Amino acid sequence: MTFSRFVAIGDSQTEGMCDGDDAAGYRGWADRLAEHLAADYPDLQYANLAIRGKNTRKTRDEQLERAIALEPDLVAAPLGMNDVIGRTDFAALHADLTYIYDRLAETGATVVISTFPDVARTIPFGRRIEDRLLWLNSAMHGFAEKHENFVLVDLYTAPALIDLRSWSRDRLHASPSGHERFAAGAAYALGLPGSTPDWGYPLVPEGHPNPLIRTLRDASWLVEFFTPWFIRKVRGRSLGDGRSPKRPELTPVIPPGVAAD
């Protein structure tokens with residue numbers, strides 16, 4: 001299996017939030033996977049259409065056909081987490097996912113999807129959305145079984161991804177090391193040279209925080225991150241409003257620290 005045209009679609013996780021910044025640019029798991037691919041396929045072209053805040057319906061309407069028009073042979077499309085965090089019509093969500101994945105399957109491209117990490121272990125209100133997360137993860141297994149050209153990265157069973165060190169301070173986006181774990185999991189699922197099955201193994205243990213400290217951290221998180229998110233949701237706004245994709249066209253992959261010609 002070889003790849004020459006890699007396109008990523010989706011939301012903030014695939015855009016690369018919290019692996020870089022607006023000034024320097026975001027990297028993220030999809031960029032890291034592209035760099036891994038480019039080591040074996042130096043002529044690889046890569047586009048990333050993902051934009052923070054996009055739910056599955058907006059990804060379908062705004063990104064899907066643009067991605068297909070680029071004629072990819074590899075697509076990254078782990079979708080649905082924003083729908084799970086915000087209350088949604090799950091029949092409509094399943095219909096949107098089915099439409100997106102059926103269209104991508106028709107292209108003949110290899111499609112990378114994923115289950116999602118156990119947020120009940122990482123964010124304070126996680127258990128309130130646990131049933132919805134499990135529903136989505138079950139759906140992802142179903143899509144992977146339905147389409148022979150789909151590859152599933154099982155993030156839910158990765159011990160490393162219930163460790164807060166794999167997450168940024170907002171606990172909604174992976175830290176650089178968390179993005180690297182996701183990229184390594186995708187590389188292994190694709191059978192890329194140099195990939196290994198230990199990508200999801202636990203991090204080296206560290207001391208557990210005092211329960212009071214953990215409670216204070218959770219309270220601080222609710223004020224600093226959850227409250228602004230909830231206000232945006234009530235107002236019908238998104239961090240992605242007005243933003244354009246960071247990498248809208250297929251271009252060569254340049255590893256970090258290497259100057260472009």
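The following paragraphs lead through the chain as a whole, its sheet, one enclosed helix and the salt bridges around that helix.

This is a predicted model, in which local features need pLDDT of at least 70 and side-chain atom pairs count only at pLDDT 80 or more, while totals for chains, interfaces and linings use all residues. Residues are numbered from 1 along each chain as its sequence is written, and side-chain values use heavy atoms, with hydrogens and water left out.

The chain contains 8 helices and 8 strands; helices (H or I, at least four residues) and strands (E, at least two) are DSSP runs, numbered from the N terminus. Of its 261 residues, 48% are buried, where buried means under 20% relative accessible area, exposed over 50%, and partly exposed in between (1.4 Å probe, protein chains only). Contacts, defined by heavy atoms within 4.5 Å, often span the sequence: among those between residues at least 6 apart, 78% join residues at least 24 apart.

An open sheet is built from 6 strands in the order β7-β6-β5-β1-β4-β8, with mixed pairing; two strands pair if DSSP finds at least two bridges between them. At its edges lie β7 (150-153) and β8 (247-252), each pairing on one side only. Strand β6 (residues 110-114) runs parallel to β7 and is joined to it by 4 bridges. In this pairing, Ser 114 stands opposite Val 153 of β7.

Helix α2 (residues 28-40) is largely enclosed by the rest of the structure, because 10 of its 13 residues are buried. Among them are Trp 29, Asp 31, Arg 32 and Leu 33.

Two of these residues, Asp 31 and Arg 32, take part in salt bridges, each defined as a side-chain nitrogen of Lys or Arg within 4 Å of a carboxyl oxygen of Asp or Glu. The whole structure holds 15 salt bridges. Arg 32 meets Asp 19 at 2.8 Å, N to O. This pair links distant parts of the chain, with Asp 19 in the loop between α1 (12-15) and β2 (20-21) and Arg 32 in helix α2, 13 residues apart. Both Asp 19 and Arg 32 are buried.

Arg 32 also forms a salt bridge with Glu 180, their closest N and O atoms being 2.8 Å apart. Here helix α2 is linked to helix α7 (residues 176-189), across 148 residues. Arg 32 counts as buried because its relative accessibility is 12%, whereas Glu 180, at 36%, is partly exposed.

Asp 31 forms a salt bridge with Lys 246, with 3.1 Å between the closest N and O atoms. Lys 246 lies in the loop between α8 (211-235) and β8, 215 residues from Asp 31.
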